[in-house]
Amino acid sequence: MYSQIEIDSQFDGKLQLIYLNQPDSYNSLTQVMLGELRNAVHKFSNDDNVRCIAISGKGKAFCAGQNLKEALGFDEDDRTIQRFVIEYYNPLVLEIVKCKKPVVALVNGPAVGAGAMLASICDFTLATESSYFSFAFANIGLIPDTAGTYYLPKLVGRQLASYLSFTGKKVPATEAKKIGLVADVFSDAEFVEKSMEVLAQLSHAATAALYLTKKAFNKSYNFTLNEQLDYESIIQQDAAETEDFKEGVAAFIEKRLPNYKGK
């Protein structure tokens, strides 16, 4: 079904691991890969059995960014780089941001350019100790796309976003955690075990509540405090009407672990 990504299902399909699967090119992004990744996220977002999605890379890298030869070839076909961004990158960004399930980046190696931004637009990122990030767009005369100019200043602040974008500095995972690019860092030897513990928790959590939380966070970028408070009250009611809320309350009263269904 897929040619440049690979899917691994865990926990009876509740977790879907999507691997960028072009290790010889350090998982550089192509039209095919971007389209397949977008389609996979869309499919799993709308699959009631799926509760969590993770994106990682095969081989030594997470993602080396855009395949430049292909992008330049796109330009030669009388279609501009702008069209490439509009047709391939922007739909993927929106698919991840609006996804009904948590989307977690598992950064297993270098994440460069659009690869660094791919990790940054996920709900959160887990990284190996040896991995690093580089927003090296300016090194080839471009700006941070893949929502880079939107999310990077919000994650690390304007000055640091400018510094990282202007210089393309390599940011080791441990430093990336300190500045807010990464949620957690694990040793290379423990990465699979520790990250799977987190993904297992998400795969059995109250999925609707996680999605509503994600929606509220996204709204907060543009809402005033009063608007956000109003929105919280609305979606808190939505959360209170889910089966998971009833199960969570029952489990609390009965002093047992909840058995959430994601509904």
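Which strands does helix H8 (residues 191-203) lie across? H8 lies across S1, S2, strand S3 (52-57), strand S4 (103-107), strand S6 (124-128) and S9. Keep in mind that this is a predicted model. Here's a quick tour of its two open sheets, one with six strands and one with three, plus a few of the helices.

**The six-stranded sheet**

- Reading across this open sheet, the strand order is S1-S2-S3-S4-S6-S9, and the pairing is mixed.
- Strand S1 (5-10) and strand S9 (184-186) sit at the edges with a single partner strand each, so one side of each has no neighbour in the sheet.
- On average, neighbouring strands here are turned by 20° against each other, direction ignored.
- S1 pairs with strand S2 (residues 15-20) in the antiparallel sense, over six bridges.
- If you want to spot that pairing, look for Ile-5, whose bridge partner in S2 is Leu-20.
- As for the helix we started with, H8 runs at about 160° to S6.

**The three-stranded sheet**

- The other open sheet goes S5-S7-S8, again with mixed pairing.
- Its edge strands are strand S5 (111-112) and S8, and each of them pairs on one side only.
- S5 and strand S7 (residues 132-134) run in the parallel sense, joined over two bridges.
- Here you can find Val-112 opposite Ser-134 in S7.

**Helix H4, tucked inside**

- Eight of the eight residues of helix H4 (residues 114-121) are buried, so the rest of the structure largely encloses this helix.
- Those buried residues are Ala-114, Gly-115, Ala-116, Met-117, Leu-118, Ala-119, Ser-120 and Ile-121.

**Helix H6, a helix with two faces**

- Ala-161, Leu-164 and Ser-165 are the residues to look at in helix H6 (residues 158-167), where they are buried.
- Look down the axis of H6 and its buried residues fall within an arc of 95°, so they line one face of the helix.
- In an α-helix there are 3.6 residues a turn, so residues three or four places apart point the same way.
- Turned away from the buried side of H6 is a face that carries the exposed residues Gln-159 and Phe-166.
- The cover over the buried residues of H6 includes helix H5 (148-156), strand S8 (171-172) and helix H7 (173-179).
- S8 therefore turns up twice in this tour: it helps cover H6, and it is an edge strand of the three-stranded sheet.
- Just after H6 comes Gly-168, with a positive phi of about 70°.

Technical notes:
Residues numbered from 1 in each chain as written. Predicted model: local features only at pLDDT ≥ 70, side-chain atom pairs only at ≥ 80, totals over all residues. Heavy atoms only, no water. Pairing = 2+ DSSP bridges. Helix = DSSP H or I, 4+ residues; strand = E, 2+ residues; numbered from the N terminus. Axes fitted to C-alpha atoms, helices over the stretch in contact; angles between N-to-C directions. Contact = heavy atoms within 4.5 Å. Buried < 20%, exposed > 50% of the residue type's maximum accessible area, 1.4 Å probe, protein only. Arc of directions from axis to C-beta.
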